[in-house]
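This briefing is meant to be read with the structure open beside it. Follow each named residue in the viewer as you go, and take the topics in order, from the whole chain down to single residues.

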Amino acid sequence: MAYRTHSPQSLRALVQDMIVAAGWSAEAAAETAEHLVLANLSGHDSHGIGMLPLYFQSLADGNLSPASRPQTRLDAAPFLIIDAGVALGQPAARNAVEQAATMAKTGGVAILNLLDAHHIGRIGHYAEAAAAQGLISLFWVNVAGRPPIVAPHGAKEARFGTNPHAIGIPVPGGDPIILDFATSRMAHGKARVALNKGVAVPPGFIIDGEGRPTTEPRHVFPHALAQGEALGALLPFGDHKGAGLSLIAELLSAGLMGAARIDQKPAKSWIINSLFGILIDPARLEPSEALRKERTESYLAFVRAARPQDAADPVLTPGEKERAMRIERGAAGIPLDDESWSQIRAAAAAHGVDAERY
Ligand code: NAD
């Protein structure tokens, strides 16, 4: 598989210029560029700049607009409900989480519903933003505007999105704990990366349209199916446990609120995320920063000290893998496969930006 390595700075500048050329403000472009490139730096290429061609397709189809503005529906502490109105997801979600963080710092807790944002990316980004303000955060997100792609436990066909779940716990003076994952065994975007690279996915992640196990990523992409083939499904992680968590994410983030749901037939080419979040000021639970730091770090040390199965693969705690990858890719650059790069180049060219100049 052919790929090229790009510096994070050049990709940030490219994404920023593409989004501005497409009609968004420099501020919205900067937030989105920072988010997407940080996802690549963290090793989550599925949620990095490779998503941009999909966003631009939604824009070209008239389904995503730079003119959309989130509207606050309820601002009554501890509740904050914002209707994103399918605005560009990363700035909409970041602003909503910042607003909820201010509420949590004042009153100790904030409960946030962000409804109908365009794709908001890597959910850990928002847990990191809350942790940077010293706050614990818990997020559940649904994925609508697309056909269901994850099978309930024991099913032959899909009923869920990849409905991610993220939790952040700040460590005073240290790195936060960031647990952030899709409730499918594999994020859909990781199957897209495998499809673009022309490689198989590991066994146990995907079933085909007849419910049979397969390692071919094309079975979860309608455009990649052969004539007459039915769409397959990703499997939930942890069998009934991941499937249950996915169902809860759908209901908490969108279902209870009347936001776009996975079982509504997609009318447009867009990806809609709604987010339910709880932000908590840990100082209300344990006022002493020193005690919180000591208690958390001593437990993390205990976990990391477990004897590894493989001496070359140390036991990690949530968030460590992404931090290590940021150091590695920050120095060596971000590898992008040729297919993803050619999609980005085409999306840039459609708005008069020459990606090769970055
Ligand atoms: P993943 O399977 O890579 O799991 C990541 C989590 O597991 C992180 O918290 C990481 O620190 C931790 N982790 C990884 N390896 C570990 C190890 N060896 N030991 C201990 N902890 C470890 O993540 P994923 O399910 O592929 O999800 C990727 C991204 O996709 C996430 O950022 C998620 O938010 C995002 N996502 C977004 C959407 C959306 O619609 N916006 C949908 C699905 C997923």
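The protein is built from 10 helices and 12 strands, and the model shown here is a predicted one. The points below begin with the overall form, then turn to the nonpolar cores, and end with individual residues and their backbone angles.

**Overall form**

- A compact globule of 358 residues would have a radius of gyration near 21 Å, and because the protein has 20 Å, its value agrees with that expectation.
- Along its principal axes, the C-alpha trace of the protein spans about 60 × 50 × 45 Å.
- Of the contacts in the protein with a separation of 6 or more, 69% are made by residues that are 24 or more positions apart.

**Surface and charge**

- Of the 358 residues in the protein, 49% count as buried.
- The protein exposes an area of about 16,300 Å², and 56% of this area is supplied by carbon and sulfur atoms.
- The protein carries 32 positive and 36 negative charges, and the mean positions of these two groups are 2 Å apart.

**Nonpolar cores**

- In soluble globular proteins, nonpolar side chains tend to be buried together.
- The largest nonpolar core in this model has 32 residues, and those with the most contacts inside it are Met18, Ile19, Trp24, Ile49, Leu52, Tyr55 and Phe56.
- Two or more residues of this core are given by each of helix H1 (8-21), helix H2 (26-41), helix H3 (52-60), strand E12 (334-337) and helix H10 (338-349), and the largest share, seven residues, comes from H2.
- Leaving aside residues up to four places away in sequence, Ile19 touches Trp24, Ala29, Thr32, Leu52, Phe56 and Leu88.
- Apart from this core lies another one, which has 28 residues, among them Met103, Ile120, Tyr126 and Ala127.

**An enclosed helix**

- Helix H5 (residues 124-132) is largely enclosed by the rest of the structure, because eight of its nine residues are buried.
- The buried residues in H5 are Gly124, His125, Tyr126, Ala127, Glu128, Ala129, Ala130 and Ala131, and two of these names, Tyr126 and Ala127, also appear among the residues of the 28-residue core.
- H5 is followed by Gly134, a residue whose phi is positive, near 80°.

**Three residues in different settings**

- Is Gly154 buried or exposed? Gly154 lies in the loop between strand E5 (136-144) and strand E6 (165-169), and because its relative accessibility is 73%, over the 50% cut-off, it counts as exposed.
- Gly154 and Leu316 are 162 residues apart along the chain, and their C-alpha atoms are separated by 31 Å.
- Glu34 lies in helix H2 and counts as partly exposed, because its relative accessibility is 35%.
- Although Glu34 and Gln90 are 56 residues apart in sequence, they are 9.5 Å apart in space when taken from C-alpha to C-alpha.
- Asn196 belongs to helix H6 (residues 188-197), and with a relative accessible area of 17%, which is under the 20% cut-off, Asn196 is buried.
- Which residues does Asn196 touch, not counting those up to four places away in sequence? Asn196 touches Asp337, Glu339, Ser340 and Gln343; of the ranges given earlier, strand E12 covers 334-337 and helix H10 covers 338-349.

**Backbone angles to look at**

- The peptide bond that joins Ala77 and Pro78 is cis, with an omega of about 5°, and Pro78 is found in the loop between strand E2 (71-76) and strand E3 (79-83).
- Val86, although it is not a glycine, has a positive phi of about 55°; Val86 sits in the loop between E3 and helix H4 (89-107), and at 14% relative accessibility it counts as buried.
- Asp116 is not a glycine either, and its phi is positive as well, at about 55°; Asp116 lies in strand E4 (residues 109-118), and at 18% relative accessibility Asp116 counts as buried.

Methods: Residues are numbered from 1 along each chain as its sequence is written. This is a predicted model: local features need pLDDT of at least 70, side-chain atom pairs count only at pLDDT 80 or more; totals for chains, interfaces and linings use all residues. Side-chain values use heavy atoms; hydrogens and water are left out. Helices (H or I, at least four residues) and strands (E, at least two) are DSSP runs, numbered from the N terminus. The radius of gyration is taken over C-alpha atoms; the globule rule is 2.2 Å times the number of residues to the power 0.38. Buried means under 20% relative accessible area, exposed over 50%, partly exposed in between (1.4 Å probe, protein chains only). Contact means heavy atoms within 4.5 Å. Accessible areas come from the Shrake-Rupley method with a 1.4 Å probe; for residues, only the protein chains shown count as cover. Lys and Arg count as positive and Asp and Glu as negative; His and the chain ends are not counted. The place of a charge is taken as NZ of Lys, CZ of Arg, CG of Asp or CD of Glu. A nonpolar core is a set of buried Ala, Val, Leu, Ile, Met, Phe, Trp, Tyr and Cys residues joined through side-chain atoms within 4.5 Å.
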